[in-house]
Amino acid sequence: MGRRLQAGRAGETGVKSGMPQPREGTTAEEASAELNDRCNAIEECYEFMLAYAAQGLPSDEGSSSGAQIREYLRRCDTALEGLAEFLNGFVERLNVEPSAPYRDFLSVLDRDSRDAQATLRLVLAQASISSQLIDNLNASIHLRALLTDLFLIDEILKTHRRS
């Protein structure tokens with residue numbers, strides 16, 4: 001997408017599954033690190049999908065990138081699980097005011113992440129994943145809307161994380 005989310009180096013995703021909202025006692029720094037992990041997993045998947053789509057593979061079988069595509073999609077799916085709920089908890093922890101615009105936006109992000117997750121899961125359910133199928137997924141408005149949502153909220157929350 002040309003712009004990286006606030007995150008670490010590629011390949012360092014450590015998405016914690018089953019933890020949609022920061023746990024009680026989690027520091028702001030720990031919550032920020034998890035947000036970065038989730039964003040990394042989503043963006044890395046998108047970037048890998050761009051490369052995979054360009055290869056013109058008829059199937060995910062028989063190539064090294066074919067073996068990796070399902071893993072990237074699964075990590076992205078895990079990162080999307082409860083994303084808006086997690087972000088809501090993170091925003092509450094940062095105590096941003098006024099909170100209503102954040103809640104409203106997070107409901108949009110929730111819809112977008114659920115829509116993107118549904119498209120990812122549809123692709124994962126296929127017996128074979130071709131480059132053309134991934135190219136169509138890349139073009140999905142659901143995935144693009146989610147990435148834009150994440151770029152927007154990440155940029156906004158950056159100032160609050162520094163405060």
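## A tour from the core outward

Start with the largest nonpolar core, which has 44 residues. Within this core, select Ile 42, Met 49, Leu 73, Ile 134 and Leu 157, the residues that touch the most other members. Now colour by helix: α1, α2, α3, α4, α5 and α6 each give two or more residues to this core. The largest share comes from α1, with eleven residues. Keep in mind that this is a predicted model.

**Stop 1: Met 49.** Select Met 49 and show what surrounds this side chain. Leaving aside residues up to four places away in sequence, Met 49 touches Ile 69, Leu 73, Ile 134, Leu 137, Asn 138 and Leu 143. Two of those names, Leu 73 and Ile 134, also appeared among the residues touching the most other core members.

**Stop 2: Ile 134.** Go next to Ile 134, in helix α5. Is Ile 134 buried or exposed? Its relative accessible area is 0%, so Ile 134 counts as buried, the cut-off being under 20%. Show its contacts, again without residues up to four places away in sequence: Met 49, Tyr 52, Ala 53, Ile 69, Leu 73, Val 123 and Ile 129. Then draw a distance from the C-alpha atom of Ile 134 to that of Leu 120. The viewer should give 9.6 Å, for two residues 14 places apart along the chain.

**Stop 3: α4 against α5.** Select α4 (100-124) and α5 (residues 131-138). How do these two helices run relative to each other? Their axes come within 11 Å and cross at roughly 175°. An angle over 145 degrees counts as roughly antiparallel, so that is how α4 lies to α5. Show side chains at the contact. From α4 come Thr 119, Leu 120 and Val 123; from α5 come Leu 133, Ile 134 and Leu 137. Five of the contact residues are nonpolar, one is polar and none is charged.

**Stop 4: α3.** Move to helix α3, residues 83-94. Check its length with the C-alpha atoms at its two ends: they are 16 Å apart. Twelve residues at 1.5 Å a residue should span 16 Å, so the model agrees with the expected value.

Now select Leu 83, Ala 84, Phe 86, Leu 87, Gly 89, Phe 90, Val 91 and Leu 94, which are buried. Which elements cover them? The cover includes α1 (28-54), α2 (64-80), α4 (100-124) and α6 (141-162).

**Last stop: Asn 95.** Step just past the end of α3 to Asn 95. Check the backbone here: phi is positive, at about 55°.

Methods
Residues are numbered from 1 along each chain as its sequence is written. This is a predicted model: local features need pLDDT of at least 70, side-chain atom pairs count only at pLDDT 80 or more; totals for chains, interfaces and linings use all residues. Side-chain values use heavy atoms; hydrogens and water are left out. Helices (H or I, at least four residues) and strands (E, at least two) are DSSP runs, numbered from the N terminus. The expected span of a helix is 1.5 Å times one less than its number of residues. Buried means under 20% relative accessible area, exposed over 50%, partly exposed in between (1.4 Å probe, protein chains only). Contact means heavy atoms within 4.5 Å. Axes are lines fitted to C-alpha atoms, for helices over the stretch in contact, and angles run from 0 to 180 degrees between N-to-C directions. Angles under 35 degrees count as roughly parallel, over 145 as roughly antiparallel, 65 to 115 as roughly perpendicular and the rest as oblique. Ala, Val, Leu, Ile, Met, Phe, Trp, Tyr, Cys and Pro count as nonpolar, Asp, Glu, Lys and Arg as charged, and the others, Gly among them, as polar. A nonpolar core is a set of buried Ala, Val, Leu, Ile, Met, Phe, Trp, Tyr and Cys residues joined through side-chain atoms within 4.5 Å.
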